[in-house]
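Welcome! Please take a moment to look over the sequence and the structure before reading on.

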Amino acid sequence: MAGHSKWANIQHRKGRQDAVRAKLFSKFSKEITVAAKMGDPDPDKNPRLRLAIKEAKSQSMPKDNIERAIKKASGGEGDDYEEIRYEGYGPNGVAVIVEAMTDNRNRTASNVRSTFTKNGGNLGETGSVGFMFERKGEITYPASVGDADTVMMAAIEAGAEDVESSEDGHVIWCADTDLNEVATALEAELGESESTKLVWKPTTTTEMDLDSMQKLMKLVDALEDDDDVQRVTTNFEASDEVMAQL
């Protein structure tokens, strides 16, 4: 699971924060607009919208931006977005899942394919790497909410499946369909989470050396720079020594 939890730390260390943040806010806006369009514009009646808003807030997205994105939905915008998942391989055979939201399927497919090709990877068929991941709910809390036992007890009570606790904090896993209920129960017990979202959790990982890790980061950066791409997940595994050199 190292691949998943370490990725955020790498991104954090890389700089480019302002540009990255602006792009991130625009991706959150799109997700919020689509969620509000597909369900009710009231987050209390729309679990997907509630999660999208929570995730946006966890990255300090201003309240005005969030409200504007919801208004877009009631104004009829966000109509034509469709969600598409691409699967492929990166350097060293690492599995990559790309989740996109687009109003032009051909443009996005062409861009994603050429990004893979230019960065030493190749786009596969849908399902070509998906079997190496499980769809899960992921809820994170800072270490300060309590020790591992306290969080484990709260997670069991809430109906979660697993907890990973470290000095960096607590990651609580649950079935994708239970995310809303588990997150609500945990909030009553532990307070507001840092992050609550649906993720692809690797079931098998690919070990990466420094060279392949650098190439992978280049590929992921290039994919994430595409406005149609919402998120990128990989199943890399790398030692602390490799991570320290990035």
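What follows is a short tour of a few residues.

This is a predicted model, in which local features need pLDDT of at least 70, side-chain atom pairs count only at pLDDT 80 or more, and totals for chains, interfaces and linings use all residues. Residues are numbered from 1 along each chain as its sequence is written, and side-chain values use heavy atoms, leaving out hydrogens and water.

Let us begin with two exposed residues. Exposed means over 50% relative accessible area, and buried means under 20% (1.4 Å probe, protein chains only). Helices are DSSP runs of H or I with at least four residues, and strands are runs of E with at least two, numbered from the N terminus.

| Residue | Place | Relative accessible area |
|---|---|---|
| Glu189 | helix H7 (residues 179-190) | 58% |
| Ile156 | helix H6 (residues 148-158) | 51% |

Ile156 also joins Met152 and Met153 in a nonpolar surface patch of about 290 Å². Such patches take residues with over 30% relative accessible area and no salt bridge, with nonpolar side chains joined within 5 Å.

Now turn to Asp226, in the loop between helix H8 (210-224) and strand E9 (229-234). Asp226 is buried yet has no salt bridge, and the nearest side chain of opposite charge, Arg107, is 6.1 Å away. A salt bridge needs a side-chain nitrogen of Lys or Arg within 4 Å of a carboxyl oxygen of Asp or Glu. A polar atom of the Asp226 side chain lies 2.8 Å from the backbone nitrogen of Asp228. Setting aside neighbours within four places in sequence, Asp226 is in contact (heavy atoms within 4.5 Å) with Lys27 and Asn111.

Terms used: Patch = residues over 30% accessible without salt bridge, like charges linked within 9 Å, V, L, I, M, F, W, Y side chains within 5 Å. Areas by Shrake-Rupley, 256 points an atom, 1.4 Å probe, with all protein chains shown as cover. Lys, Arg positive; Asp, Glu negative; His and termini not counted. Polar contact = N/O pair within 3.5 Å; in protein donor to acceptor, adjacent residues only side chain to side chain.
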